[in-house]
Amino acid sequence: MATANHNLSNYDKATIPNAKDFRFGIVVSEWNDNITEGLWQGAFEALIDCGAIKQNIVRWNVPGTFELTYGAARMSKSIYADSGMLDAIIVIGCVIQGETKHFDFVCEGVTQGIKDLNLKGDIPVIFCVLTDNNMQQSIDRSGGKHGNKGTEAAIAAIKMAALRKETV
């Protein structure tokens, strides 16, 4: 297991660029909101802790994880992006294994969709989608014993925003 013996919330601020001049979009799935709200909180708090300004963080909600790709695509083409407001987008979702293949289709679709946005777009899209076998694993990764994957995604977003600025 990738998160065994690793706390997702641990980061060294000395190794992370200051986020005060960056603008972030966050697209959050409403499905499994008991998990996605924890991930959102972890991402938001880490961005603020690393210098981001609250007004420079835009949140959009979408109904489910599958819709994250559309939300991120629209956000990357929105007035926020057109005005140079967005430096990175984080997508937050949670899919828990069930009895049908629906899990596989949703996970594959959103993964490939976010990959495509990263290859074709100019704004990095950070993948913060839990794909767990059960609710307890999701709880453990959204502020529980393994920390918060939202925090980890925020740190990745800051680093990618800095890379984007360096290469423009």
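Before you select anything, keep one term ready for the whole tour: a contact, or touching, means heavy atoms within 4.5 Å. Helices (H or I, at least four residues) and strands (E, at least two) are DSSP runs, numbered from the N terminus. Residues are numbered from 1 along each chain as its sequence is written, and side-chain values use heavy atoms, with hydrogens and water left out. The model is predicted, and local features need pLDDT of at least 70, while side-chain atom pairs count only at pLDDT 80 or more and totals for chains, interfaces and linings use all residues.

**Stop 1: helix α4**

Select residues 102-120, which form α4, and look along this helix of 19 residues, which reaches 27 Å from its first C-alpha to its last, close to the 27 Å expected at 1.5 Å a residue. That expected span is 1.5 Å times one less than the number of residues in the helix. Now colour F103, V106, C107, V110, G113, I114 and L117, the buried residues of α4, where buried means under 20% relative accessible area, exposed over 50%, and partly exposed in between, with a 1.4 Å probe and protein chains only. These buried residues cover an arc of only 140 degrees around the axis, which puts them on the same side of α4; the arc is that of the directions from the helix axis to the C-beta atoms. An α-helix has 3.6 residues a turn, so residues three or four places apart point the same way.

What do the buried residues of α4 pack against? Show α2, β3 and β4 (125-132), and you will have their partners on screen. Then turn to the face of α4 directed away from its buried side, where the exposed residues F105, L119 and K120 are carried.

**Stop 2: the loop between β2 and α2**

Select P63, T65 and F66: P63 is found in the loop between β2 (57-62) and α2 (68-76), and this loop also holds T65 and F66. P63 is exposed, with a relative accessible area of 55%, whereas T65 counts as buried at 5% and F66 as partly exposed at 47%. Leaving aside residues up to four places away in sequence, F66 touches F105, V106 and G109, while the contacts of T65 include S29, V106 and V110.

Now add S29, which has its place in strand β1 (residues 24-29) and is buried at 1% relative accessibility. S29 and P63 are 34 residues apart along the chain, yet their C-alpha atoms are separated by 5.6 Å. The side chain of S29 also reaches the backbone nitrogen of W31 at 3.1 Å.

**Stop 3: positions from the UniProt record**

UniProt, in an unreviewed entry, gives the feature "binding site" at E99, T100 and R141. These three span 43 residues in sequence, and the farthest two C-alpha atoms are 23.2 Å apart, so they do not all gather at one spot. Select T100 in the loop between β3 (88-96) and α4, where it counts as exposed at 52% relative accessibility, and then R141 in helix α5 (residues 135-141), which is buried at 7%. Under "binding site" (unreviewed entry), UniProt also lists W31, T65, F66, E67, C94, V95, I96 and F127. UniProt positions follow the numbering used here, feature names are shortened, and annotations may be inferred rather than shown by experiment.

**Stop 4: salt bridges**

A salt bridge is a side-chain nitrogen of Lys or Arg within 4 Å of a carboxyl oxygen of Asp or Glu, and by this rule the count comes to 8 salt bridges. Select D49 and K13, whose closest N and O atoms are 3.5 Å apart in such a bridge. D49 lies in helix α1 and K13 in the segment before β1, so the pair ties together parts that are 36 residues apart in sequence.

Which residue meets K165 in a salt bridge? Select D87, and you will find the two side chains meeting at 3.2 Å, N to O. This pair links distant parts of the chain, with K165 in helix α6 (residues 149-167) and D87 in the loop between α3 (79-82) and β3, 78 residues apart. K165 is partly exposed at 44% relative accessibility, whereas D87 is buried at 1%. To finish, add D122 and R164, which are linked with D87 and K165 in a network of salt bridges.

Key:
A polar contact is a pair of N or O atoms within 3.5 Å; within protein, one must be able to donate a hydrogen and the other to accept it, and residues adjacent in sequence count only if both atoms are side-chain atoms.
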